[in-house]
Amino acid sequence: EYILAAYNGAIVMRMPSREILKRHYLTKDRLSQVEAISAEHHTDCVVFGGYEVEDRCYWRPRHFDEAHQHYLAKRRESHRETWDALDQWGQLPLDAFPSIKYFGTLAHLTPLSQRLEKELNLHMPVIGDPFKGEVFVAQATDGSVHKGSALKEIARLFPTKGPLIAAGDDYNDF
């Protein structure tokens, strides 16, 4: 038995039973604010649906140029992810989801990330994409959600259990 925190801590589950211990998701109504800021930065995001929908993702292909569409197609194939195309966020079949992600250059994502964090109270680290080194990923979760808060919640839920071990693959995991 072990505890798994996913989407930077937006969901905490007991494994292998998959019992959800904590869930702190973004709500669909926030997408209109995200959309407005994204448009000003000439980009769009991908909604990651989470465990409950088998990690299905939702995106609006017409908001991505040909180069981004090509990169995202290769990434989807490599990660074996299922992405559903939407015309507008109002078609999103979820009321809540763990995160949204942006893909691009560090120079493009850094100001976007800073603005979304400040104006919409999101937590949005920008990390190198392990899939393709020159591309970066900015994953946004609710402002109260990050790996540190997930670890604190696990420690609170299981104060007398053995050691707490955490792993990650980039600087946002510190």
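**Exercise 1. The contact of two helices**

Task: Identify which residues of helix H1 meet which residues of helix H3, and classify them as nonpolar, polar or charged.

Solution: On the H1 side the contact is made by Gln33, Val34, Ile37 and Glu40, and these meet Leu112, Arg115, Leu116, Glu119 and Leu120 on the H3 side, where contact means heavy atoms within 4.5 Å. Sorted by kind, the residues of this contact comprise five nonpolar, one polar and three charged, with Ala, Val, Leu, Ile, Met, Phe, Trp, Tyr, Cys and Pro counted as nonpolar, Asp, Glu, Lys and Arg as charged, and the others, Gly among them, as polar.

Two conventions apply throughout. The model is predicted, so that local features need pLDDT of at least 70 and side-chain atom pairs count only at pLDDT 80 or more, while totals for chains, interfaces and linings use all residues. Residues are numbered from 1 along each chain as its sequence is written, and side-chain values use heavy atoms, with hydrogens and water left out.

**Exercise 2. The geometry of that contact**

Task: State at what angle H1 and H3 pack, how they are oriented to each other, and whether their crossing is left-handed or right-handed.

Solution: First, the extents: H1 covers residues 31–40 and H3 covers residues 106–120, with helices (H or I, at least four residues) and strands (E, at least two) being DSSP runs numbered from the N terminus. Next, their axes lie 11 Å apart and the packing angle is about 150 degrees; axes are lines fitted to C-alpha atoms, for helices over the stretch in contact, and angles run from 0 to 180 degrees between N-to-C directions. The two helices are therefore roughly antiparallel to each other, given that angles under 35 degrees count as roughly parallel, over 145 as roughly antiparallel, 65 to 115 as roughly perpendicular and the rest as oblique. Finally, the crossing is right-handed, a term used if the near helix is turned clockwise from the far one by less than a right angle, and left-handed if anticlockwise.

For one pair across this contact, Gln33 and Leu116 are 83 residues apart in sequence, yet their C-alpha atoms are 9.2 Å apart in space. Gln33 itself is partly exposed, with a relative accessible area of 40% (buried means under 20%, exposed over 50%, partly exposed in between, with a 1.4 Å probe and protein chains only).

**Exercise 3. The surroundings of strand S12**

Task: Establish how many residues of S12 are buried, and which strands are joined to S12 by bridges.

Solution: Strand S12 spans residues 136–142, and six of its seven residues are buried, so this strand is largely enclosed by the rest of the structure. Strand S9 (residues 99–104) runs antiparallel to S12 and is joined to it by five bridges, with Tyr102 having Ala138 as its bridge partner. Strand S11 (residues 126–128), also antiparallel to S12, contributes three bridges, and Gly128 is partnered there with Phe136. Strand S10 (residues 122–123) is joined antiparallel to S12 by two bridges, and Leu122 stands opposite Asp142. Two strands pair if DSSP finds at least two bridges between them.

A residue of helix H2 (residues 66–79), Arg75, touches Val137, and its further contacts are Glu81, Lys101, Phe103, Asp129 and Phe131, not counting residues up to four places away in sequence. Arg75 is buried, with a relative accessible area of 5%.

**Exercise 4. The open sheet and its loops**

Task: Work out in which order three strands form an open sheet, and which backbone values stand out in Asn8 and Pro16.

Solution: The order is S1-S2-S3, with antiparallel pairing. Strands S1 (2–6) and S3 (19–23) stand at the edges, each with a single partner strand, so one side of each has no neighbour in the sheet. From one strand to the next the twist averages 25 degrees. Four bridges join S2 (residues 11–15) to S3, and Met13 stands opposite Ile20.

As background, most residues other than glycine have a negative phi, and most peptide bonds are trans. Asn8, in the loop between S1 and S2, has a positive phi near 55 degrees and is buried at 8% relative accessibility. Pro16 lies in the loop between S2 and S3, and the peptide bond leading to it from Met15 is cis, with omega near 5 degrees. His42, in the loop between H1 and strand S5 (46–48), likewise has a positive phi near 55 degrees, but His42 is exposed, with a relative accessible area of 71%.
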